[in-house]
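Dear colleague,

Please find below the structure I am handing over to you. My findings follow directly after it.

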Amino acid sequence: MTNTNSIHWATMRQRDVVAGFGFFVFFNTALLALIVLGSDVLGHDGSHDAKVGFGIIAVAINLMLWIWNDSAIVDVQASSKDIAGADLETAIGQKSVKAPWAMYRVLVLVITVLVTGSIIYGVFW
């Protein structure tokens with residue numbers, strides 16, 4: 001792959017990271033709103049089956065969003081290794097190569113687990 005194609009691919013995947021974060025915020029805010037507004041169904045006196053279904057949906061949505069974000073971060077990391085020539089000598093090229101990619105992936109995983117756990121906790125306890 002040429003350097004131009006590599007840069008184009010990295011740009012697309014960087015947009016995927018931003019879009020994935022936007023979907024993560026939107027869907028988890030929507031799930032939280034459903035907990036608050038649907039307290040008669042998901043509250044203490046609500047149906048256990050509805051709570052289980054809601055929990056499965058919350059876990060599935062967040063799992064899919066984590067896979068999306070993690071794979072996009074992996075692709076951006078891989079594309080940073082493809083930077084060559086004069087682009088590698090730029091400050092942004094050096095930052096991209098030296099970025100703590102593993103830390104970003106762990107941070108996304110931790111945030112996803114904590115948010116999913118909070119939503120499950122909000123439904124069942």
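**Overall shape and fold**

The radius of gyration of the chain is 19 Å, whereas a compact globule of 125 residues would have one near 14 Å. Please keep in mind that this is a predicted model. Along the principal axes, the C-alpha trace spans about 65 × 20 × 15 Å. Of the 125 residues in the chain, 27% are buried.

The chain contains five helices and zero strands, so that the order of elements from the N terminus reads α-α-α-α-α.

**Helix H3**

Helix H3 covers residues 48-80, which amounts to 33 residues. From its first C-alpha to its last it reaches 48 Å, close to the 48 Å expected at 1.5 Å a residue. At the start of H3, a side-chain oxygen of Ser47 comes to within 3.3 Å of the backbone nitrogen of Asp49.

**The largest pocket**

The largest pocket holds about 450 Å³ of space. It is lined by 19 residues, and the closest to its centre are Ala10, Gln14, Val76, Ser96 and Trp101. Four helices each supply at least two residues of this lining: H1 (3-37), H3, H4 (91-98) and H5 (101-124). The greatest contribution is that of H1, with six residues. Sorted by class, the lining of the largest pocket comprises nine nonpolar, eight polar and two charged residues.

**The second largest pocket**

In the second largest pocket there is about 190 Å³ of space. Its lining is made up of Val17, Phe21, Phe24, Asn69, Ile73, Leu107, Val108, Ile111 and Thr112. The elements that give two or more residues to this lining are H1, H3 and H5. Here H5 provides the largest share, with four residues. By class, the lining of the second largest pocket has seven nonpolar residues, two polar ones and no charged ones.

**The two pockets side by side**

Helices H1, H3 and H5 each give at least two residues to the lining of the largest pocket, and these three helices also give two or more to that of the second largest. H4 likewise supplies at least two residues to the largest pocket. The leading contributor is H1 in the largest pocket, but H5 in the second largest. Charged residues number two in the lining of the largest pocket, while the lining of the second largest has none.

With kind regards

How values were computed. Residues are numbered from 1 along each chain as its sequence is written. This is a predicted model: local features need pLDDT of at least 70, side-chain atom pairs count only at pLDDT 80 or more; totals for chains, interfaces and linings use all residues. Side-chain values use heavy atoms; hydrogens and water are left out. The expected span of a helix is 1.5 Å times one less than its number of residues. A polar contact is a pair of N or O atoms within 3.5 Å; within protein, one must be able to donate a hydrogen and the other to accept it, and residues adjacent in sequence count only if both atoms are side-chain atoms. On a 1 Å grid over the protein atoms alone, a cavity is a set of points where a 1.4 Å probe fits but cannot get out, and a pocket is an open set with protein on both sides within 12 Å along at least five of seven lines; lining residues have an atom within 4 Å of a point. Grid points are joined across faces, edges and corners, and a volume is the space filled by probe spheres set on the points. Ala, Val, Leu, Ile, Met, Phe, Trp, Tyr, Cys and Pro count as nonpolar, Asp, Glu, Lys and Arg as charged, and the others, Gly among them, as polar. The radius of gyration is taken over C-alpha atoms; the globule rule is 2.2 Å times the number of residues to the power 0.38. Buried means under 20% relative accessible area, exposed over 50%, partly exposed in between (1.4 Å probe, protein chains only).
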